[in-house]
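These are my notebook entries on a single protein chain. I set down what I looked up, in the order in which I looked.

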Amino acid sequence: MKFATAYSVSLDDKVSIYDVRDLNFDESTGFDSDKDSFLCPNDACRAAFDSTNALSTFNAKNVNYQRTPHFKNKPGTRHIDGCRYAGSHKSATGESDDEREENFPSEFVLTRRLYEPKTPVVGNDASALQEPTKAPANRTTTSSGSNDTTPDKTSVFAHPVECYVSNIDDKDKLKAMPLKIGEHTATYWAFFKKIEYLQDNQGLIYWGKIKAIKDYTSSFRIDFEKKVWLDKRPYSVNVYLSKKLIENYRKRTAFLEQIKAAASSERPLYCFFYGVTPQLMQVPSKKNPEQTFGVFSARIENLDHLIIREAPGLES
Ligand SMILES: [Zn+2]
């Protein structure tokens, strides 16, 4: 079975697999999920075993993935009677339950989740985890705290995007699941907007198939395949990513690896972004700088809110 959340020994908190991915790529932390242990999120169950009774991760470190990341039981993982995370480590239908994200966060939180600094654990002494340095008052609102239930909020953009992409064949579900971003509440279906319809509404998650990624001196430009129609005329759509922004990004290495691979990839790739809405602007023509032409364009302001990925099942 898949776990939406697990207890991280090194963070002394419950985290989603998307939190783990975010931390693995974050160069400002020393986090490495291979050196951590992830335990059953059920507090009573976890208390019954030592920290060797761990779960495994799936797609915790893969920059480019197709199948939904998750935690799962190892063949030897034990649970107490009545723990809802017990159950076979392989479902009756094989691995098919791995293929979609079933935990839909009801809110995408725009400020990043912060983790409490933790005193290093010496040896294998579990009591070190109970040091009084713990200050629950400092926990951010996105923390799942001591709650056993699946966290309802996320600050990792990849999570709502995975919900949308992996459930694209179930429109009824996407139309039923609520999503809140900032002050705006809608359904997943309504929040994800194809790039060609960006004029319909501001402040949505826009997505589209990538036509090309151009590598310029000071920026990357992502061109979308579909055009926006305005007054019966088609306009190209693109977003710019400043290289300075990438240089200062805490996930710089992973991001550069991803965008450079994407720029030369032959595979269909999609770009999802939130926070900016491309606007019609006039830019000088390359061939004839005296002339200008119209294009819908935006500058990405926060790389945490942009994703380039494969998305089988999405149409262009
Ligand atoms: Zn358990």
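Which residue of strand 15 does Asp223 stand opposite? I looked up the pairing, bearing in mind that the model is predicted, and found Asn238 opposite Asp223.

**Entry 1. Strand 15 and its partners**

I then took strand 15, residues 233-242, as the centre of the search. Strand 13, residues 219-224, is joined to strand 15 by five bridges, and the two run antiparallel. I next turned to strand 14, residues 228-230, which pairs with strand 15 in the antiparallel sense over three bridges. Within that pairing I noted Val228 opposite Tyr235. Strands 14 and 15 form a hairpin, with two residues between them. I checked the turn and found that Asp231 has a positive phi of about 50°.

In which sense do strand 15 and strand 18 pair, parallel or antiparallel? I found the parallel sense, over five bridges. As a reference point I recorded Ser236 of this pairing, which stands opposite Val295 in strand 18.

**Entry 2. The loop after strand 18**

I followed the chain from strand 18 (292-299) into the loop that leads to strand 19 (306-309), where Ile300 is found. Is Ile300 buried or exposed? I counted 21 C-beta neighbours inside 10 Å, and Ile300 therefore counts as buried, the cut-off being 20 or more.

I listed the contacts of Ile300, leaving aside neighbours within four places in sequence: Val239, Tyr240, Leu241, Phe273, Val276 and Leu306. For Phe273, which is 27 residues from Ile300 along the chain, I noted a C-alpha separation of 8.2 Å.

**Entry 3. An open sheet of four strands**

I traced a further sheet, which is open, has four strands in the order 8-7-9-10 and shows mixed pairing. Strand 8 and strand 10 (184-187) are at its edges with a single partner strand each, so each has one side without a neighbour in the sheet.

I looked at the pairings in turn. Strand 7, residues 107-108, runs parallel to strand 9 and is joined to it by two bridges; Glu107 has Lys180 as its bridge partner in strand 9. Strand 9, residues 178-181, pairs with strand 10 in the antiparallel sense, over four bridges. From this pairing I recorded Pro178 with Thr187 and Leu179 with Ala186. Strands 9 and 10 form a hairpin with two residues between the strands, and in this hairpin I found Gly182 with a positive phi near 60°.

**Entry 4. Helix 1**

How many residues of helix 1 are buried? I found nine of the nine, residues 17-25, so helix 1 is largely enclosed by the rest of the structure. Among them are the charged-type names Asp19, Arg21 and Asp22, as well as Ile17, Val20, Leu23 and Phe25.

I then asked which elements the buried residues of helix 1 pack against. I found strand 3 (13-16), strand 5 (55-58), strand 6 (70-73) and strand 8 (153-154), together with helix 3 (158-166) and helix 7 (252-263). Strand 8 thus appears in this list and also at an edge of the four-stranded sheet.

**Entry 5. The chain as a whole**

I closed with the totals. The protein chain has seven helices and 19 strands. Of its 316 residues, 34% count as buried. I also looked at contacts between residues at least 6 apart in sequence, and 62% of these join residues at least 24 apart.

Methods:
Residues are numbered from 1 along each chain as its sequence is written. This is a predicted model: local features need pLDDT of at least 70, side-chain atom pairs count only at pLDDT 80 or more; totals for chains, interfaces and linings use all residues. A residue is buried if 20 or more other C-beta atoms lie within 10 Å of its own, exposed if 12 or fewer, and partly exposed in between; C-beta atoms are placed from the backbone. Two residues are in contact if their C-beta atoms, placed from the backbone, lie within 7 Å. Two strands pair if DSSP finds at least two bridges between them.
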